[in-house]
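These are my notebook entries on one protein structure. I record what I looked up, entry by entry.

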Amino acid sequence: MAEQPTNPAGADEPAAGYRGQHPAYEGRHLDNAGRHAVEPEGLSVWATAQKTGPVQRRGRYVPESVKHPARMLPAIAAHAVHAYTQPGDLVLDPMCGIGTTLVEAIHAGRDAIGVEYEPRWSNTADSNITHAHTQGASGRASVVRGDATRISALLPAALAGQVALVVTSPPYGPTVHGLVRPGTDGVAKFDNAYNDGTDRGNLAYRDLTGLANGFEQILRGCASLLRPGGTVVVTARPWRKHGQLIDLPSVVIAAGTRAGLVPTERCVALLAAVRDDQLVARPSFFQLQAVRKARSGGTPLHLITHEDVLIFRRPPAVDHLGSEILNTPEGPVVA
């Protein structure tokens, strides 16, 4: 195993992951027209859960952050920022939630901008950015409140072609379980919704087709903001509905391809710790309950111990002779 870098999320163990190469992904993904989408070239594993989510966030994020129903692990965002950007680069999260991507970016000396639909979470993201600056984060960040399917209209036109990296995750809507506490009839769920249900404009309330279409719009808008050759990192995991697997990662790959992005890698971000060459799962109550129920019925389900990390690239600009034009700190150069 390759030597692991220090965890950029602040844990005291090697947890940011290693970048070993794995055999090419051989699956096939279809776009809406039934054509084969371009396939990612390889796989790598990010060991991003050596510490639990609460431990990664403790002291680094404001307490309100734990109430968001679908938080990205800080180590996942931090690894993406360190792997695909340089200090001073601009990072974008079009559905930034509590601002995890933004916080990890500014701690790493990058600048960041986020878009968030829900007022509660955009306020929390603002608080997390302020908190990060009190801890010495050197980058600048801001949050724009609005619908990311209209991201080109929300953000200044001057940002077009300036973003080095997009990091985000699609919402999971009704599949989000939140947290549990003992109740009179077993357990009671809480912190399991993006809002109180009165505003259905959130992408999380769409069905799978609507989610795919909305996410394509978001990625298309992000592509217009990326610099040529810029990177998009999307985390996604499948879920089961009435026993059937909903393959969200494949939906994301197809949406990205339709948005004009080129899939380049398919990685695995571990949600389990690696201890003595073994995975130590950290399942939720509902994951354990579902797996136990399935196994008692004869279905050999296993706990989910990773998220797919789907990586795309904006095609580079080319000159009239077909040579690639690269953006550098000194200005555009021909490769």
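**Entry 1: the cavity.** I began with a term: a cavity is a set of grid points where a 1.4 Å probe fits but cannot get out, and a residue lines it when one of its atoms is within 4 Å of a point. I also noted that the model is a predicted one. Rolling a probe the size of a water molecule over the atoms shows where empty space is left.

I looked up how many cavities of 30 Å³ or more the structure holds, and the count is 1. The largest cavity contains about 40 Å³ of space. I listed its lining as Pro170, Leu211, Ala212, Phe215, Leu248, Val251, Val252 and Ala255. Which helices each supply at least two residues of this lining? They are helix 6 (208-225) and helix 7 (248-258). Helix 7 gives the most, with 4 residues.

**Entry 2: a pocket.** Next I turned to the second largest pocket, whose volume is about 240 Å³. It is lined by 15 residues, and those closest to its centre are Ala83, Tyr84, Gly229, Thr231 and Arg313. I then looked up which elements each supply at least two residues of the lining, and found helix 2 (74-84), strand 8 (226-236), strand 11 (262-270) and strand 14 (306-313). Strand 8 gives the most, with 4 residues.

**Entry 3: salt bridges.** Side chains of opposite charge can pair when their charged atoms come close. With a cut-off of 4 Å between a side-chain nitrogen of Lys or Arg and a carboxyl oxygen of Asp or Glu, I noted a count of 9 salt bridges. I examined several of them in turn.

One of them joins Glu64 to Arg120, with the closest N and O atoms 3.0 Å apart. Glu64 sits in the loop between helix 1 (53-57) and helix 2, while Arg120 belongs to helix 4 (residues 119-134), so this pair ties together parts that are 56 residues apart in sequence. Glu64 has a relative accessible area of 26% and is therefore partly exposed; Arg120, at 40%, is partly exposed too. I also found Glu64, Lys67 and Arg120 linked in a network of salt bridges.

Another salt bridge brings together the side chains of Asp111 and Arg140, at 2.8 Å from N to O. This pair links distant parts of the chain, 29 residues apart: Asp111 is in strand 3, and Arg140 is in the loop between helix 4 and strand 4 (141-145). Are these two residues buried or exposed? Asp111 counts as buried because its relative accessibility is 17%, whereas Arg140 counts as exposed because its value is 60%.

I then looked at Arg237, which forms a salt bridge with Glu307, the closest N and O atoms being 3.2 Å apart. Here again distant parts of the chain are linked, 70 residues apart, with Arg237 in the loop between strand 8 and strand 9 (239-241) and Glu307 in strand 14. Arg237 is partly exposed, with a relative accessible area of 23%. Glu307 has a relative accessibility of 7%, so I entered it as buried.

**Entry 4: a buried Glu.** I located Glu116 in strand 3 (residues 111-116). Glu116 is buried yet has no salt bridge. Which side chain of opposite charge is nearest to Glu116, and how many Å away is it? I found Arg145, at 8.3 Å; the cut-off for a salt bridge is 4 Å, so this pair does not qualify.

I next asked what lies around Glu116. A polar atom of its side chain is 2.8 Å from the backbone nitrogen of Gly97. Leaving aside neighbours within four places in sequence, Glu116 is in contact with Met95, Cys96, Gly97, Trp121, Ser122, Val143, Val144, Arg145 and Gly146.

**Entry 5: positive phi.** Most residues other than glycine have a negative phi. I therefore noted two residues in which phi is positive. Phi is near 50° in Asp276 and near 65° in Asp277. Where does Asp276 lie? Asp276 is in the loop between strand 12 (273-275) and strand 13 (278-280), and Asp277 lies in the loop between strand 12 and strand 13 as well. Asp276 counts as exposed because its relative accessibility is 74%. Asp277, with a relative accessible area of 71%, is exposed.

Notes
Residues numbered from 1 in each chain as written. Predicted model: local features only at pLDDT ≥ 70, side-chain atom pairs only at ≥ 80, totals over all residues. Heavy atoms only, no water. Buried < 20%, exposed > 50% of the residue type's maximum accessible area, 1.4 Å probe, protein only. Lys, Arg positive; Asp, Glu negative; His and termini not counted. Polar contact = N/O pair within 3.5 Å; in protein donor to acceptor, adjacent residues only side chain to side chain. Contact = heavy atoms within 4.5 Å. 1 Å grid on protein atoms, 1.4 Å probe; cavity = no way out; pocket = protein on both sides within 12 Å on 5 of 7 lines; lining within 4 Å. Points joined across faces, edges and corners; volume = space filled by probe spheres on them.
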